[in-house]
Amino acid sequence: MKDVHSNRRVDGDRLWQSLMEMAQIGPGLRGGNNRQTLTDADRQGRDLFRRWCEEAGMTVGVDSMGNMFARHEGAEPDLDPVMTGSHLDTQPTGGKYDGVLGVLAGLELIRSIRDQGIRTRRPIVVVNWTNEEGTRFAPAMLSSGVFAGIHTQDWAYGRKDAEGREFGAELDRIGYKGDEPVGQRRIHALFELHIEQGPILEAEGKDIGIVTHGQGLNWLQVTLTGQEAHTGSTPMPMRRNAGLGMARITELVHQIAMSHQPDAVGAIGHCDVHPNSRNIVPGKVVFTIDFRSPSFDTQTEMERRLREGAEGIARELGLGLEIEQVGHFDPVTFDPACVDILRRAADDLGYSHRDIISGAGHDACWINRVAPTAMVMCPCVDGLSHNEDEEISREWASAGADVLLHAVLESAEIVE
């Protein structure tokens with residue numbers, strides 16, 4: 001039987017307008033965004049979000065990791081709040097929706113609640129987590145990780161970008177190092193809306209993805225050390241070519257991931273070649289391998305095979321080898337009760353949906369360790385994300401926000 005409140009929806013046009021206005025801050029080169037964490041553009045995006053929240057009657061708190069918490073009061077303020085949100089920072093060539101949709105859908109949820117005169121027993125908090133992307137300061141999901149006790153704050157403050165600037169100093173520079181101790185906020189439940197960043201929902205014509213699990217992530221930084229030499233005058237058998245070693249390990253990574261289908265993935269997405277000259281055989285390469293799987297055993301086996309294979313390649317080519325784990329989290333199983341709330345919301349609203357595994361890491365993956373958590377996804381065109389051509393439709397955004405609205409209202413308990 002349908003929920004008697006199934007006619008409640010967000011204002012999809014207002015949500016879309018907010019997305020387009022936020023996209024004007026930190027514009028990319030071809031329609032996307034470059035709003036990397038703790039840059040001036042990030043500060044401007046935060047300032048706009050804060051203004052919008054305060055105009056919607058919320059109070060905004062900031063903790064010592066720069067996480068922003070916009071609170072809509074409940075009828076019983078002492079109850080633990082229901083939280084929703086995501087992140088406003090982007091990749092250097094990011095899209096307009098990755099993370100941003102989850103934050104601004106939370107804002108729209110509160111605007112719609114106020115418009116419709118809805119009251120809830122529990123407070124509702126919309127959060128903007130700092131440095132989800134991890135592109136400027138590794139690792140990804142840094143501040144939600146500190147919130148959940150995965151990382152220490154001192155360690156996070158000392159993370160450096162490519163130019164040697166420290167996270168803590170940059171957080172202070174943009175004016176978002178708050179006084180509130182990180183991790184002290186209690187959470188009744190957290191729901192995160194996100195674009196899928198994959199092609200499944202669009203290909204199957206589904207409106208909504210209900211995220212039951214998140215893939216585990218394992219980032220391994222590999223350093224191969226050979227010998228720089230002239231590319232024209234050094235005989236092939238006498239070369240210790242670190243670039244050749246990286247090429248062979250790249251193929252090995254692909255083979256390992258393909259042997260653990262259907263859900264495992266692996267790739268090399270970042271590399272530095274030294275001295276990076278067209279007529280010098282590379283003497284050193286540093287690159288990062290990204291392995292992901294929803295199975296802990298598979299994740300462990302992929303790393304074992306990589307280490308074993310890389311050692312053999314380095315030995316054959318006469319290269320030095322170092323492998324360092326620079327990012328990791330175990331596969332995630334989201335809270336079954338929260339997942340059921342999302343399923344009911346999609347059913348009540350008449351949206352087609354399917355269960356789905358998230359292939360990407362999200363702040364919800366860390367918060368799941370300290371509070372009941374679940375995620376809902378909407379499709380994105382061709383599954384393209386972390387790209388300026390990332391695109392979704394107004395209807396997809398509205399559907400995801402509608403499901404989020406109903407899930408949050410059920411969890412926060414409407415006061416009749």
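Q: Leaving aside neighbours within four places in sequence, which residues is Met22 in contact with?
A: This is a predicted model. Contact here means heavy atoms within 4.5 Å. By that rule, and with neighbours within four places in sequence left aside, Met22 meets Arg35, Gly45, Leu48, Phe49, Trp52, Leu88, Val100 and Leu104.

Q: Which helix gives the most residues to the largest nonpolar core?
A: This core has 99 residues. Met22, Phe49, Leu101, Leu104, Phe191, Ile392 and Val403 touch the most other members. The top contributor, with 11 residues, spans 394-412 and is helix α12.

Q: Where does this core lie relative to domain 1 and domain 2?
A: Domain 1 covers 12-214 + 331-412, and domain 2 covers 216-329. Both give residues to the core, so its place is between them.

Q: Is Asp98 buried or exposed?
A: Asp98 sits in the loop between β3 (82-86) and α3 (100-115). Its relative accessible area is 4%. The cut-off for buried is under 20%, so Asp98 is buried.

Q: What is the largest C-alpha distance among the residues UniProt lists for "binding site"?
A: The unreviewed UniProt entry lists Asp98, Glu133 and His386. They are spread over 289 residues of sequence, yet they cluster in space. Asp98 touches both Glu133 and His386. The largest C-alpha distance is 9.7 Å.

Q: Is Ala138 buried, partly exposed or exposed?
A: Ala138 lies in the loop between β4 (124-128) and α4 (142-147). Its relative accessibility is 33%. Buried needs under 20% and exposed needs over 50%, so Ala138 counts as partly exposed.

Terms used
Residues numbered from 1 in each chain as written. Predicted model: local features only at pLDDT ≥ 70, side-chain atom pairs only at ≥ 80, totals over all residues. Heavy atoms only, no water. Core = buried A, V, L, I, M, F, W, Y, C linked by side-chain atoms within 4.5 Å. Buried < 20%, exposed > 50% of the residue type's maximum accessible area, 1.4 Å probe, protein only. Helix = DSSP H or I, 4+ residues; strand = E, 2+ residues; numbered from the N terminus. Domains from an automatic or database assignment. UniProt positions renumbered as here; feature names shortened; annotations may be inferred.
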